[in-house]
Amino acid sequence: MKKLTALLLGAAMALSLAACGSTAAVEETASEETSSSEAVSEAASEEAASTEETAGEAAAVTTVTEGVLTMSTNAAFPPYEMTADDGSFEGIDIEVAGAIADKLGLELQVDDMDFDAALLAAQTGKSDMVMAGVTVTEDRQTVMDFSNTYANGIQVVIVPEDSAIATIDDLQGKMIGVQRGTTGDSYCSDDFGEDNVIKYDNGLTAVQALNNGQVDAVVIDNAPAQEFVEANPGLKILDTEYANEEYAIGVAKGNTQLLDAINGALAELTEDGTIQAIVDKYITAE
């Protein structure tokens, strides 16, 4: 009888221990599942918060036309902005502006006009921003605000291949063609006098004047200069640089809301390599 009782007690204790072990295992598994679920939920919440923050920033930007980022430019400045055969616009500035618009959840609209008019449009709020190979200068900073730099520009001199002009100093007393309102216009007017500078609406017209013998040289940014020389046999670019500059995006004075949004987008596009890829697409390394 004692043996039977002992056996029964032993069996009961075994069942009890088994039951305790099973409960602990279930509780541990449940705890792990809850922890994992909480981690997934937390990650999802953080991602949602980040998305909402980005969307909120885009929604907070006020533009000339709701839902649209309007860019004024002078589409005769290859490879930064130019008109394609189908009438659309292409170039470094066009694609960078498009990438910025995408970041801000806006649609890009490009308005083509003279360079001076493009600057004025941004200053007066007729466009949201100006991108046209615009160099930051002290004079321009008094009437508009500028983004961080996104590209570099070099002012160079185009002359006929048989020209006696070999250096910048040789431009003294010569007739120089420039694009109206550009830094090339400003530099040449200051260095060689207004009487020796002929201003054209765009670089192409200035180069045509050079081909026709109406001017002795053309001062313009290096990138479009390369394009113009390639398209016009008999012209060359002097080996020496006239000036080294930085390009930026211009907005109306005091429009910090838009400027901050543009700088934020530029930072992301620079970090992920988008801007460099766009530049490399149009300007091949020599």
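# Rings, cores and salt bridges in a predicted model

Q: Which residues do ring pairs link into a cluster?
A: Keep in mind that what you're looking at is a predicted model. In it, aromatic ring pairs join up into a cluster, and its members are Phe-77, Tyr-80 and Tyr-247.

Q: How many aromatic pairs does the structure hold, and is the pair of Phe-77 and Tyr-80 stacked, edge-to-face or tilted?
A: Counting up the aromatic pairs gives four. For Phe-77 and Tyr-80, the ring centres sit 5.9 Å apart and the planes meet at 35°. Planes under 30 degrees apart would count as stacked and over 60 as edge-to-face. The 35° angle fits neither, so this pair is tilted.

Q: Is Phe-77 buried or exposed?
A: Let's look at the relative accessible area, where buried means under 20%. Phe-77 has 4%, so the label is buried.

Q: And what about Tyr-80, buried or exposed?
A: The relative accessible area of Tyr-80 is 4%. Since the limit for buried is under 20%, Tyr-80 is buried.

Q: What is the angle between the planes of Tyr-187 and Tyr-242?
A: These two tyrosines form an aromatic pair, 6.0 Å from centre to centre. The pair counts as tilted, and the angle between the planes is 50°.

Q: How many residues apart in sequence are the parts tied together by Tyr-187 and Tyr-242?
A: Start with where they live: Tyr-187 is in helix H5 (residues 183–192). Tyr-242 is in the loop between strand E12 (235–237) and strand E13 (243–247). So the pair ties together parts of the chain whose separation, in residues, is 55.

Q: Which of Tyr-187 and Tyr-242 is buried?
A: Tyr-187 has a relative accessible area of 26%, so it counts as partly exposed. The other ring has 14%, and the buried one is therefore Tyr-242.

Q: Which residues touch the most other members of the largest nonpolar core?
A: That core has 50 residues in it. Three of them touch the most other members, namely Ile-100, Met-129 and Ile-158.

Q: How many residues are in the second, separate core?
A: First, a quick look at Met-129: leaving out residues up to four places away in sequence, its contacts include Leu-69, Ala-97, Ile-249 and Ile-262. The second core is separate, with Val-157, Val-159, Ile-165 and Leu-171 among its members. Its residue count is 14.

Q: How many residues apart are Lys-253 and Asp-145, the pair that links distant parts of the chain?
A: The side chains of Lys-253 and Asp-145 meet in a salt bridge, 3.2 Å from N to O. Lys-253 is in the loop between strand E14 (250–252) and helix H8 (256–271), while Asp-145 is in strand E7 (residues 144–146). Their separation in residues is 108.

Q: Which partner is buried, Lys-253 or Asp-145?
A: At 47% relative accessibility, Lys-253 counts as partly exposed. The other partner has a relative accessible area of 17%, so the buried one is Asp-145.

Q: How many residues apart in sequence are the parts tied together by Arg-180 and Asp-201?
A: Arg-180 and Asp-201 meet in a salt bridge at 2.5 Å, N to O. Arg-180 lies in the loop between strand E9 (176–179) and H5, and Asp-201 in the loop between strand E10 (197–200) and helix H6 (203–211). So the separation of these parts, in residues, is 21.

Q: Which residues do salt bridges that share partners join into one network?
A: Lys-199 and Asp-185 form a salt bridge at 3.5 Å, N to O. It links strand E10, home of Lys-199, with helix H5, home of Asp-185, 14 residues apart. Through shared partners, salt bridges build one network out of Asp-185, Glu-194 and Lys-199.

Q: How many salt bridges does the count come to?
A: Several appear above, including the bridge of Lys-199 and Asp-185. The count for the structure comes to six.

Q: Over which residues does pLDDT stay under 50 with zero contacts beyond four places in sequence?
A: Overall, the chain has a mean pLDDT of 85, and 79% of its residues reach 70 or more. Where pLDDT is low, the predicted coordinates should not be read in detail. The stretch with zero such contacts is residues 1–27.

Notes
Residues numbered from 1 in each chain as written. Predicted model: local features only at pLDDT ≥ 70, side-chain atom pairs only at ≥ 80, totals over all residues. Heavy atoms only, no water. pLDDT = per-residue confidence, 0-100. Contact = heavy atoms within 4.5 Å. Phe/Tyr/Trp six-rings, centres within 6.5 Å; stacked < 30°, edge-to-face > 60°. Buried < 20%, exposed > 50% of the residue type's maximum accessible area, 1.4 Å probe, protein only. Helix = DSSP H or I, 4+ residues; strand = E, 2+ residues; numbered from the N terminus. Core = buried A, V, L, I, M, F, W, Y, C linked by side-chain atoms within 4.5 Å. Salt bridge = Lys/Arg side-chain N within 4 Å of Asp/Glu carboxyl O.
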